[in-house]
Amino acid sequence: MTRPFSPQDLAGLWGSILGVVALALLLGWALDMKGGVVIVAAIPFISSWFDSRRVLFQFDAAGVRVADVLLPWNDVTQFVVATPEGGEHVLIGVRLRQGATVPAGTGVRPAHPAMPAPLHVAVQRHKFDLAKMLTKARKYAPSRVQVVVAEPTGERVAS
């Protein structure tokens, strides 16, 4: 899940790319160095910076990313999905195992009445697909991790 389109982030991406190309040309001219080396070395850093600005929620073989918080799989017990009434967003949260804490220095969102999990993000409703989330969870998450749907009447395990 990604954040909504941000012209500021896109400008930062293109500014970084143009800056690296300019640096490569300058080094190529000043030091008689191949500018392609600078470009190839900088691309992973630019790409990871842009991804960190755009990605809200992601999980893969390494673990879970909720906004700017990276969690290993052994700290995660459940994914919680809540759909506040009348909202244009779906809340996706993560419940942590007993004793696990959110890494220091991360910005944890304030609690939301529809979301029982302590760590969550709001994604645009049209970008969220529960079936895709379940498929990815079966592929990457350990079998003990559940996807739970939180409703006003209670919680149920998604299937």
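Of the 159 residues in this protein, 36% count as buried. Keep in mind that this is a predicted model. The chain folds into three helices and eight strands, and if you walk along the sequence you meet them in the pattern α-α-β-β-β-β-β-β-α-β-β.

**Overall numbers**
- About 9700 Å² of the protein is exposed, and carbon and sulfur atoms supply 61% of that area.
- Take the contacts between residues at least 6 apart in sequence: 58% of them join residues at least 24 apart.

**The five-stranded sheet**
- Five strands make up an open sheet with mixed pairing, and their order is 6-5-4-7-8.
- Which strands stand at the edges? Those are strand 6 and strand 8 (154–157). Each has a single partner strand, so one side of each is left without a neighbour in the sheet.
- From one strand to the next, the twist averages 25 degrees.

**How the strands pair up**
- Strand 5 and strand 6 run antiparallel and share six bridges. If you want a pair to click on, Gly93 has His120 in strand 6 as its bridge partner.
- Strand 4 and strand 5 are also paired in the antiparallel sense, over six bridges. Here Gln78 is matched with Arg95 in strand 5.
- The hairpin of strand 4 and strand 5 has six residues between the strands, and in it Gly86 takes a positive phi near 70 degrees.
- Strand 4 and strand 7 pair in the parallel sense, over five bridges. Val80 finds its bridge partner in strand 7, at Val148.

**Strand 4 and the helix across the sheet**
- Is strand 4 mostly covered or mostly open? Mostly covered: six of its seven residues are buried.
- Helix 3 lies across strand 4, strand 5 and strand 7. Against strand 7, helix 3 runs at about 155 degrees.

**The nonpolar cores**
- As a bit of background, nonpolar side chains in soluble globular proteins tend to be buried together.
- The largest nonpolar core here has 29 residues, and the members that touch the most others are Phe57, Val64, Phe79, Val94 and Met133.
- Which elements give two or more residues to this core? They are strand 1 (57–59), strand 2 (63–66), strand 3 (69–72), strand 4 (76–82), strand 5 (89–96), strand 6 (119–124), helix 3 (130–140) and strand 7 (146–151).
- Strand 5 provides the largest share of the core, with four residues.
- Another core lies apart from this one. That core has seven residues, including Val80, Ala82, Met115 and Ala117. You've met Val80 already, as the bridge partner of Val148.

**Pro113, out in a loop**
- Look for Pro113 in the loop between strand 5 and strand 6.
- Why does Pro113 count as exposed? Its relative accessible area is 83%, and the cut-off for exposed is over 50%.
- Pro113 and Pro84 are 29 residues apart in sequence, and their C-alpha atoms are 8.6 Å apart in space.

Methods. Residues numbered from 1 in each chain as written. Predicted model: local features only at pLDDT ≥ 70, side-chain atom pairs only at ≥ 80, totals over all residues. Heavy atoms only, no water. Core = buried A, V, L, I, M, F, W, Y, C linked by side-chain atoms within 4.5 Å. Buried < 20%, exposed > 50% of the residue type's maximum accessible area, 1.4 Å probe, protein only. Contact = heavy atoms within 4.5 Å. Areas by Shrake-Rupley, 256 points an atom, 1.4 Å probe, with all protein chains shown as cover. Pairing = 2+ DSSP bridges. Axes fitted to C-alpha atoms, helices over the stretch in contact; angles between N-to-C directions.
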